[in-house]
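Reader: I should like to learn how features of a protein–DNA model are to be read. May we take them one at a time?

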There are 2 protein chains.
Amino acid sequence: MKRSNPNDTVDEPQSVMDKKKMEKIFSNIDLENPPAICPIRDVLAKALDKWSILIIVMLGYYDVLRFGDLKKKIKGISPKMLSISLKHLEQDGFLIRTVFPEVPLRVEYHLTDQGRSFCNKILDLSEWINEYFPEIVKRRYKVDEIMKGEA
Amino acid sequence: MKRSNPNDTVDEPQSVMDKKKMEKIFSNIDLENPPAICPIRDVLAKALDKWSILIIVMLGYYDVLRFGDLKKKIKGISPKMLSISLKHLEQDGFLIRTVFPEVPLRVEYHLTDQGRSFCNKILDLSEWINEYFPEIVKRRYKVDEIMKGEA
DNA sequence: CCGTATCCCGGAAGATACTG
DNA sequence: CAGTATCTTCCGGGATACGG
């Protein structure tokens, strides 16, 4: 039952770990020596940020949005956080900021190809969650029950 | 050039936004009324957490690890954060904790099917990042140059 | 060995007022 | 309208020591 060796032949039909992919990823990493600051995790951290996800999905859905539109559509975000998040996403090439020097000022945001591609990844994740979510909720209730019983 | 209407026929060959998927996701959300606390984002937040990702990937790679193993392999994690993250992941059904009441105590962790499935999602994300990362880095340097020039 | 309990600090992020 | 500047608050999370 114990499967401690990554080289074991996998026999489960479902949810098979993709060992090939895994090996490829791990081959790029020196596990012993600290990877200093991993730039990949840096990119991911910014793009998977709570607000960033919403921004990307909104832009994926509406194609073009102004600062004020985003502020209205994303409930609870402050102008500061919206500004910071947009800057990060622009810096990392997920979206493009276009200024129209009119009066009053107009600024539009839209996704790049990279941004749209990433948006699809988020949608995939979203679908994954939707699939497993009922079980997770059920489990949480169960765990809560146990906690209550112990308290 | 402006594509403000989600119903426009898509003509880009690459990185096409999956509108069908998008509509499906958005149909479950009431954008106007605040979604209170979105439980899906709650699950995602915990599972996509900095430490959680590493834990899941490590368990995906090594199959079975003890508390101390994880602590050693995940550079920089404190016992507190490791404990908390493991608890979250166990609560949400990503992994299973097994206690062997020996002396000294032994505790093993391994992924559930859900955990392995999610690990594959993380690997996908990882691959995505690897694909786009060179461009992102290039862009960051460029942005830094501009910033320096302006300062 | 496997964690929990405690203390403590820096930085994330909300609210708000203000400017180009 | 589209943000920035400032202030403050809060808590995530690191270090460490201890308990089962």
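Reader: Which residues are buried in helix α1 (residues 19-27) of chain A?

Author: The model is a predicted one. In α1 of chain A, the buried residues are A:Lys19, A:Lys21, A:Met22, A:Ile25 and A:Phe26.

Reader: How is such a pattern along a helix to be understood?

Author: The general idea comes from helix geometry. An α-helix has 3.6 residues a turn, so residues three or four places apart point the same way. In the present case, the buried residues of α1(A) cover an arc of only 155 degrees around the axis, which puts them on the same side of the helix. The face turned away from that buried side carries A:Lys20, A:Lys24 and A:Ser27, which are exposed.

Reader: Which residues of helix α1 are buried in chain B, and which are exposed on its other side?

Author: B:Lys19, B:Lys21, B:Met22, B:Ile25 and B:Phe26 are buried in α1 of chain B. They fall within an arc of 155 degrees when seen down the axis of α1(B), so they line one face of the helix. B:Lys20, B:Lys24 and B:Ser27 are exposed on the other side of α1(B).

Reader: What rotation superposes chain B on chain A?

Author: To relate two copies, one looks at the rotation and at the shift along its axis. Here a rotation of 180 degrees, with 0.0 Å of shift along the axis, brings chain B onto chain A with an RMSD of 0.0 Å. That is the relation of a two-fold axis. In chain B, B:Leu48 has the C-alpha nearest the axis, at 3.9 Å from it. The same surface serves both copies, since 100% of the contact residues of chain B recur in chain A.

Reader: Let us turn to the DNA. How many residues surround DNA strand D, and which are the closest?

Author: DNA strand D is surrounded by 18 residues, the closest being A:Arg66, A:Ser83, A:Arg97, A:Tyr109 and B:Lys80. By class, the residues of this surface divide into nine nonpolar, three polar and six charged.

Reader: Which elements supply the surface near DNA strand D?

Author: At least two residues each come from α4 (67-73), α5 (79-91) and β3 (106-111) of chain A, and from α3 (50-62) and α5 (79-91) of chain B. The largest share, four residues, is that of α5(A).

Reader: How does one separate the part played by sugar and phosphate from that of the bases?

Author: One may begin with the strand atoms, then take individual side chains. Of the atoms of DNA strand D within 4 Å of the protein, 63% belong to sugar or phosphate and the rest to bases. A:Arg97 has a polar side-chain atom 2.5 Å from a phosphate oxygen of DNA strand D, and an N or O atom in the side chain of A:Tyr109 is 2.6 Å from a phosphate oxygen of that strand. For B:Lys80, by contrast, a polar side-chain atom lies 2.5 Å from a base oxygen of DNA strand D.

Reader: What share of the atoms of DNA strand C within 4 Å of the protein do sugar and phosphate account for?

Author: DNA strand C is surrounded by 18 residues, with A:Lys80, B:Ser83, B:Lys87, B:Arg97 and B:Tyr109 the closest. Sugar and phosphate account for 68% of the atoms of DNA strand C that come within 4 Å of the protein. A polar side-chain atom of B:Ser83 lies 2.2 Å from a phosphate oxygen of this strand, and an N or O atom in the side chain of B:Lys87 is 2.6 Å from a phosphate oxygen. The side chain of A:Lys80 has an N or O atom 2.7 Å from a base oxygen of DNA strand C. The largest share of the surface near this strand, four residues, comes from α5(B).

Reader: Is A:Leu89 buried or exposed, and which residues does A:Leu89 touch?

Author: A relative accessible area under 20% counts as buried. A:Leu89, found in helix α5 of chain A, is buried, with a value of 1%. Not counting residues up to four places away in sequence, A:Leu89 touches A:Ala47, A:Ser52, A:Ile55, A:Ile56, A:Phe94 and A:Leu95.

Reader: With which side chain does that of A:Glu108 make a polar contact?

Author: A:Glu108 lies in strand β3 of chain A and is buried, with a relative accessible area of 9%. The side chain of A:Glu108 makes a polar contact with that of A:Arg106, at 2.8 Å.

Notes:
Residues numbered from 1 in each chain as written. Chains lettered and ligands numbered in written order. Predicted model: local features only at pLDDT ≥ 70, side-chain atom pairs only at ≥ 80, totals over all residues. Heavy atoms only, no water. Near = heavy atom within 4 Å. Polar contact = N/O pair within 3.5 Å; in protein donor to acceptor, adjacent residues only side chain to side chain. Nonpolar A, V, L, I, M, F, W, Y, C, P; charged D, E, K, R; others polar. Buried < 20%, exposed > 50% of the residue type's maximum accessible area, 1.4 Å probe, protein only. Least-squares fit on C-alpha atoms with pLDDT ≥ 70 in both. Contact = heavy atoms within 4.5 Å. Arc of directions from axis to C-beta.
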